[in-house]
Each structure stands twice: as C-alpha cells, then as structure tokens.
Amino acid sequence: MILDYNLEDVPELKAVAPGEYSLTIINVEEKVDKNGNPGILVMMKIADEEAKSVTTWLSLPGDDDEVEVKNRKLRNLKRFLECFSLTLPLEVSDMVGSEGWAILRLEDDEEYGEQNRIKRFLVQN
C-alpha cells in the first residue's frame, strides 16, 4: 500500500477558550493510577467545535481510603454522573454517548501544549 495524501490541508485541533461547553463522552477506560488507586479515564468531545478532546480522571474509592478521601471521591463521581444524567448501578462502557455540560479552563501542558480541563461539571435543569 502506498499512502498519498495532502496533509497540508488537515487542520490541527486546538483547545477552546475557557467557558461553558456541551460535551459528549466518546471513550472510557477503567484504570489504576501510579499509586494503585482505581479510576476511570473519560474522554469527551466538545460539541459543535473542531477542537481537541477533553480528558478527565475520575478517582474511585480504594480499599485503603480514609472516610474523608472516600467521600470526596464519591462527591466528584456524583457530580459527574448528575452532569451526564447517569445513574448507578452502571456499566462503565454505557457512559459512552452521554451528553452533559461543563465549564472548561485552559491549561498549558509541557507534553501536549494547550489543553482544556474540566473546571466544573454542570447539572442542567
């Protein structure tokens, strides 16, 4: 196979300006962080924008978590689930396709350049 494409016309994806955006979950992965804590890596597309995807880490309670840490993680999970109108029990893969709103901020990443990060998940009434 010979590849022959005009790559000069392919636009680079960029981060969007800080603000409120509609997001769609496009991928989820169950993972364990470098400290051995369980979590879910969530990738979201910004609706109506030719922009980089937004990724966030949902840290889940671990067996060794103190009550305060466990409750903080559960509050964050609750906000995420409410934002995307999801309820428990839930198969993680069923999150894909869910839509919600969030306030995004802009962050400069040494490895990936400007990235959007979740400042706060919003619950639509």
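Before anything else, a word on angles: axes here are lines fitted to C-alpha atoms, for helices over the stretch in contact, and angles run from 0 to 180 degrees between N-to-C directions. With that in hand, here are my notes on this predicted model.

1. **Helix against sheet.** Helix 1 lies across strand 1, strand 2, strand 3, strand 4 and strand 5. Against strand 5, helix 1 runs at about 90 degrees. The chain has one helix and five strands in its secondary structure, and reading from the N terminus the elements go β-β-β-α-β-β. So much for the parts list; the sheet comes next.

2. **Sheet order.** The five strands make an open sheet, ordered 3-2-1-4-5, with antiparallel pairing. Strand 3 and strand 5 are the edge strands, each pairing on one side only. From one strand to the next, the twist averages 45 degrees. As background, strands of a sheet pair through backbone hydrogen bonds, either parallel or antiparallel.

3. **Strand 1 and its two neighbours.** On one side, strand 1 is joined to strand 2 by nine bridges, and the two run antiparallel. Within that pairing, Asn27 sits opposite Met43 of strand 2. The hairpin of strand 1 and strand 2 has five residues between the strands, and there Gly36 adopts a positive phi near 85 degrees. Strand 1 is also joined to strand 4, by six bridges and again antiparallel. Tyr21 has Ala102 in strand 4 as its bridge partner.

4. **Out to the edge at strand 3.** Six bridges hold strand 2 and strand 3 together in the antiparallel sense. Two spots to click on: Ile40 is opposite Leu58 of strand 3, and Leu41 is opposite Trp57 of strand 3. Which residues of strand 3 point to the buried face? Val54, Thr56 and Leu58 point to one face and are buried. Thr55, Trp57 and Ser59 point to the other face and are not buried. Put the two together and you can follow both faces across the pairing: Leu58, opposite Ile40, is on the buried side, while Trp57, opposite Leu41, is on the other.

5. **The core.** The largest nonpolar core has 24 residues, and the members that touch the most others are Leu23, Met44, Phe80, Phe84 and Leu104. Elements giving two or more residues to this core are strand 1 (19-32), strand 2 (38-46), strand 3 (54-59), helix 1 (67-83), strand 4 (99-109) and strand 5 (113-122). In soluble globular proteins, nonpolar side chains tend to be buried together.

6. **Phe84, the residue I kept coming back to.** Is Phe84 buried or exposed? Its relative accessibility is 2%, and the cut-off for buried is under 20%, so Phe84 counts as buried. Leaving aside residues up to four places away in sequence, Phe84 touches Leu23, Ile25, Met44, Ser98, Glu99, Gly100 and Phe121. Two of these contacts, Leu23 and Met44, are also named with Phe84 among the core members touching the most others.

7. **Aromatics.** There are three aromatic pairs. Phe80 and Phe84 have ring centres 5.0 Å apart and planes at 45 degrees, so that pair is tilted. Phe80 and Phe84 are both buried. Phe84 and Phe121 have ring centres 6.0 Å apart and planes at 70 degrees, so this pair is edge-to-face. Phe84 is in the loop between helix 1 and strand 4 and Phe121 is in strand 5, so the pair ties together parts that are 37 residues apart in sequence. Phe121 is buried too, at a relative accessible area of 15%. Phe80, Phe84 and Phe121 make up one aromatic cluster.

8. **Ser98, a polar neighbour.** Ser98 is in the loop between helix 1 and strand 4 and is buried, with 12% relative accessible area. Where does the side chain of Ser98 reach? It goes to the backbone oxygen of Met95, at 2.9 Å. Apart from residues up to four places away in sequence, Ser98 touches Leu23, Thr24, Ile25, Phe84 and Leu86.

9. **Whole-chain numbers.** The C-alpha trace spans about 55 × 35 × 30 Å along its principal axes. Of the 125 residues in the chain, 31% are buried. Among contacts with a separation of 6 or more, 46% come from residues 24 or more positions apart.

Technical notes: Residues are numbered from 1 along each chain as its sequence is written. This is a predicted model: local features need pLDDT of at least 70, side-chain atom pairs count only at pLDDT 80 or more; totals for chains, interfaces and linings use all residues. Side-chain values use heavy atoms; hydrogens and water are left out. A nonpolar core is a set of buried Ala, Val, Leu, Ile, Met, Phe, Trp, Tyr and Cys residues joined through side-chain atoms within 4.5 Å. Buried means under 20% relative accessible area, exposed over 50%, partly exposed in between (1.4 Å probe, protein chains only). Helices (H or I, at least four residues) and strands (E, at least two) are DSSP runs, numbered from the N terminus. Contact means heavy atoms within 4.5 Å. A polar contact is a pair of N or O atoms within 3.5 Å; within protein, one must be able to donate a hydrogen and the other to accept it, and residues adjacent in sequence count only if both atoms are side-chain atoms. Two strands pair if DSSP finds at least two bridges between them. Rings of Phe, Tyr and Trp (its six-membered ring) pair if their centres lie within 6.5 Å; planes under 30 degrees apart count as stacked, over 60 as edge-to-face and the rest as tilted.
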